[in-house]
Amino acid sequence: MKNNPVNTDLPLFCPREGCVCYQSYDNKITKDGIYITKSDMVPRQMFYCHGGGHRFSETGYSELFGKHGSFKEYEQAAKLSTYGISANATADVLGRDVRTVEQWQKALGSKGQQLHYFLCLHIGINVLFLQMDELWSYFKNKSRQLWVFIALESETKFWVSFELGSRTICTACRLVKGLRRLGKWGDDHILKVTTDKSAAYKNALANIMGDIQYAYLQIVKRRVKRRLVTVKKFFVKGMAEDFSEKLRTPPLLRD
Ligand SMILES: [Zn+2]
């Protein structure tokens with residue numbers, strides 16, 4: 001995941017469900033002129049599907065088709081969302097109706113997920129050091145708490161997977177199940193795993209990753225007024241040597 005250039009070029013394929021060549025690589029797709037939309041001055045590309053004998057546009061059959069924004073606006077909406085800016089605030093900044101922005105966010109989320117699956121499953125990820133953590137959050141108001149369980153690659157902080165739910169073993173199990181599908185684990189090495197001291201992860205790992213080789217370390221951090229006071233380590237599975245190279249303990253996320 002360092003600076004290895006990865007070839008992500010793929011042959012174009014037809015995105016129209018129902019076409020005889022839908023998603024087939026065994027087909028010819030060529031550029032077929034450009035067009036301008038009302039909402040974007042940047043020209044968009046048209047394509048021609050030779051096998052199915054039809055044209056389709058650059059956004060055709062995608063979540064962003066006919067969403068009345070420019071690519072620039074989609075990019076801005078996506079970036080603002082990642083900074084935690086609300087749909088209302090984004091709509092205000094972009095001078096758009098909030099319902100429009102909400103539609104964009106939904107479409108962008110779905111596109112983002114597709115890209116994530118592409119990265120994980122097509123390019124492939126090789127996670128050597130997995131870190132799992134949970135963030136407290138809420139849904140609509142603070143009395144309805146909702147935990148965000150996340151799994152990251154420890155060196156790069158690449159988000160492998162996440163899961164929403166209560167702070168229970170069920171949510172941890174869903175997280176581990178979900179991430180297991182996204183890569184190859186412990187094939188030629190021992191997978192390193194760190195979490196906080198929660199029984200949920202221990203059980204989830206034993207249940208779902210039981211057949212692969214992993215070493216598991218729990219790290220307990222105690223803070224006083226946000227200042228890190230002590231860090232304790234518990235080797236649940238494996239030994240200190242398994243973690244000897246580059247084991248770092250700075251907090252990835254604020255508690
Ligand atoms: Zn087609």
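Select helix H5 (residues 199–208) together with the strands beneath its path: H5 lies across strand E4 (129–139), strand E5 (141–153), strand E7 (191–195), E8 and E9. Relative to E8, H5 runs at about 170 degrees. The model on screen is a predicted one.

Next, display the whole sheet to which these strands belong. The sheet is open and has 6 strands in the order E6-E5-E4-E7-E8-E9, with mixed pairing. Colour strand E6 (159–165) and strand E9 (227–237) separately: these two stand at the edges, each with a single partner strand, so one side of each is left without a neighbour in the sheet. On average, and with direction ignored, neighbouring strands of this sheet are turned by 25 degrees against each other.

Now zoom in on strand E8 (residues 214–224) and E9, which run antiparallel and are joined by 9 bridges. To locate one bridge pair, pick Gln 218 and look across to Phe 234, its bridge partner in E9.

Return to H5 and add helix H4 (residues 169–180) to the selection. The two helices pack at an angle of about 45 degrees, and their axes are 8 Å apart. Angles from 65 to 115 degrees would count as roughly perpendicular and those under 35 as roughly parallel; H4 and H5 are therefore oblique to each other. The crossing in which H4 passes H5 is right-handed. Show side chains for the contact: H4 contributes Ile 169, Ala 172, Cys 173, Leu 175, Val 176, Lys 177 and Arg 180, while H5 contributes Ala 200, Tyr 201, Asn 203, Ala 204, Asn 207 and Ile 208. Coloured by class, the residues of this contact divide into 9 nonpolar, 2 polar and 2 charged.

Move to a second helix pair, helix H1 (residues 71–82) and helix H3 (residues 98–124). Their axes lie 10 Å apart, and the packing angle is about 80 degrees. H1 and H3 are therefore roughly perpendicular to each other. Select Glu 73, Tyr 74, Ala 77, Ala 78 and Ser 81 in H1, which meet Trp 104, Gln 105 and Leu 108 in H3. By class, this contact of H1 with H3 has 5 nonpolar, 2 polar and 1 charged residues.

Finally, zoom out and colour the chain by domain: domain 1 (1–61), domain 2 (64–124) and domain 3 (125–243). Between the centres of domain 1 and domain 2, taken over C-alpha atoms, the separation is 20 Å. The contact between these two domains takes 11 residues from domain 1 and 12 residues from domain 2.

How values were computed
Residues numbered from 1 in each chain as written. Predicted model: local features only at pLDDT ≥ 70, side-chain atom pairs only at ≥ 80, totals over all residues. Heavy atoms only, no water. Axes fitted to C-alpha atoms, helices over the stretch in contact; angles between N-to-C directions. Helix = DSSP H or I, 4+ residues; strand = E, 2+ residues; numbered from the N terminus. Parallel < 35°, antiparallel > 145°, perpendicular 65-115°, else oblique. Left-handed = near helix turned anticlockwise from the far one by under 90°. Contact = heavy atoms within 4.5 Å. Nonpolar A, V, L, I, M, F, W, Y, C, P; charged D, E, K, R; others polar. Pairing = 2+ DSSP bridges. Domains from an automatic or database assignment.
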